[in-house]
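Here are a few notes to read alongside the model. Keep the 3D view open and find each residue as it comes up.

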Amino acid sequence: MRRFSVRDLTLAAMVAALYTVMGYFANIFGMTFGVIQCRFAEALTVLPFLFPAAAPGLAAGCFLTNLLSPYGPLDWLLGTLATAIAAWLTMKMPKWYLAALPPILVNALILSPMWAWTDVGAVSSAFWVACGWNALTFIPAEALVCYVLGTLLLKLLPKISVLKPALAGTSSTQPLPPAGKASSFRCASSPHKDERASLWGPRQ
């Protein structure tokens, strides 16, 4: 099992802080909670595809953001669980264009019943109708954030030189690759090295 390095913990903390700040900011405009939401912080949910260490940071950031939720402890638990599961699945995705699917689908599957239960209060035909409607209204905005903003992150982050050691999956005790070889990184924790490496572009 891969151990977290200081770099991993720092990255997780940064992701958690950024997710929380973005979530709190969007909440000022009423865009963070509910069946129709545009939580810009969800763009960060694609990060585990590149940085496995981002996964716990996303879960922590979601929990801190959901402390503001009008759905209370139910959202603290289920919202955080949905983000954690989605982050783990995103980490396993074989292609970059699939990285945004887990947060869209997992959130729709877990949060839609939560909202329906809050509205209806019992498992009935009205509950299932509400589940379907909640998923229908939630998915488009979530897909917009994850695919548009998330794809920009997937394409731009590998070009930032300071992030290359983290993308390379090197620990603080391992030598960094030579500057001319940075494009051929290997992420030890990922089973899909070639797909992630292709985000660097052609070899130098």
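**Notes on the fold**

1. Let's start at Thr 80, which sits in helix α3. Keep in mind that this is a predicted model. Is Thr 80 buried or exposed? Its relative accessible area is 16%, and the cut-off for buried is under 20%, so Thr 80 counts as buried. As for what Thr 80 touches, leaving aside residues up to four places away in sequence, you'll find Ala 59, Cys 62, Phe 63, Asn 66 and Asp 75.

2. Now zoom out to the whole chain. How many helices and strands does the chain have? There are seven helices and zero strands, so the run of elements from the N terminus reads α-α-α-α-α-α-α. Of the 204 residues in the chain, 47% are buried.

3. Next, look at who meets whom. Take the contacts between residues at least 6 apart in sequence: 64% of them join residues at least 24 apart. For a pair to look up, try Pro 158 and Leu 50, which are 108 residues apart in sequence, while their C-alpha atoms are 8.5 Å apart in space. Pro 158 belongs to the loop between α5 and α6 (164–167). Pro 158 is classed as buried because its relative accessibility is 2%.

4. On to the inside. The largest nonpolar core holds 24 residues, and Leu 47 and Phe 51 have the most contacts inside it. Helices α1 (6–28), α2 (54–66) and α5 (125–156) each give this core at least two residues. Which element supplies the largest share of this core? That would be α2, with four residues. There is also a second, separate core of nine residues, including Val 106, Ile 110, Leu 111 and Met 114.

5. Finally, the outside. The chain exposes about 10300 Å², and 73% of that comes from carbon and sulfur atoms. Look for a nonpolar patch on the surface made of Tyr 24, Phe 63, Leu 64, Leu 67, Leu 68 and Trp 76. Together these residues have about 490 Å² of accessible area. You've already met Phe 63, one of the residues that Thr 80 touches.

6. One patch member deserves its own note. Where is Leu 67 found? Leu 67 lies in the loop between α2 and α3 (73–92). Its relative accessibility is 38%, and partly exposed covers values between 20% and 50%, so Leu 67 falls in that class.

Conventions:
Residues are numbered from 1 along each chain as its sequence is written. This is a predicted model: local features need pLDDT of at least 70, side-chain atom pairs count only at pLDDT 80 or more; totals for chains, interfaces and linings use all residues. Side-chain values use heavy atoms; hydrogens and water are left out. A nonpolar core is a set of buried Ala, Val, Leu, Ile, Met, Phe, Trp, Tyr and Cys residues joined through side-chain atoms within 4.5 Å. Buried means under 20% relative accessible area, exposed over 50%, partly exposed in between (1.4 Å probe, protein chains only). Patches are made of residues with over 30% relative accessible area and no salt bridge: like charges are joined within 9 Å, nonpolar side chains (Val, Leu, Ile, Met, Phe, Trp, Tyr) within 5 Å. Accessible areas come from the Shrake-Rupley method with a 1.4 Å probe; for residues, only the protein chains shown count as cover. A salt bridge is a side-chain nitrogen of Lys or Arg within 4 Å of a carboxyl oxygen of Asp or Glu. Contact means heavy atoms within 4.5 Å.
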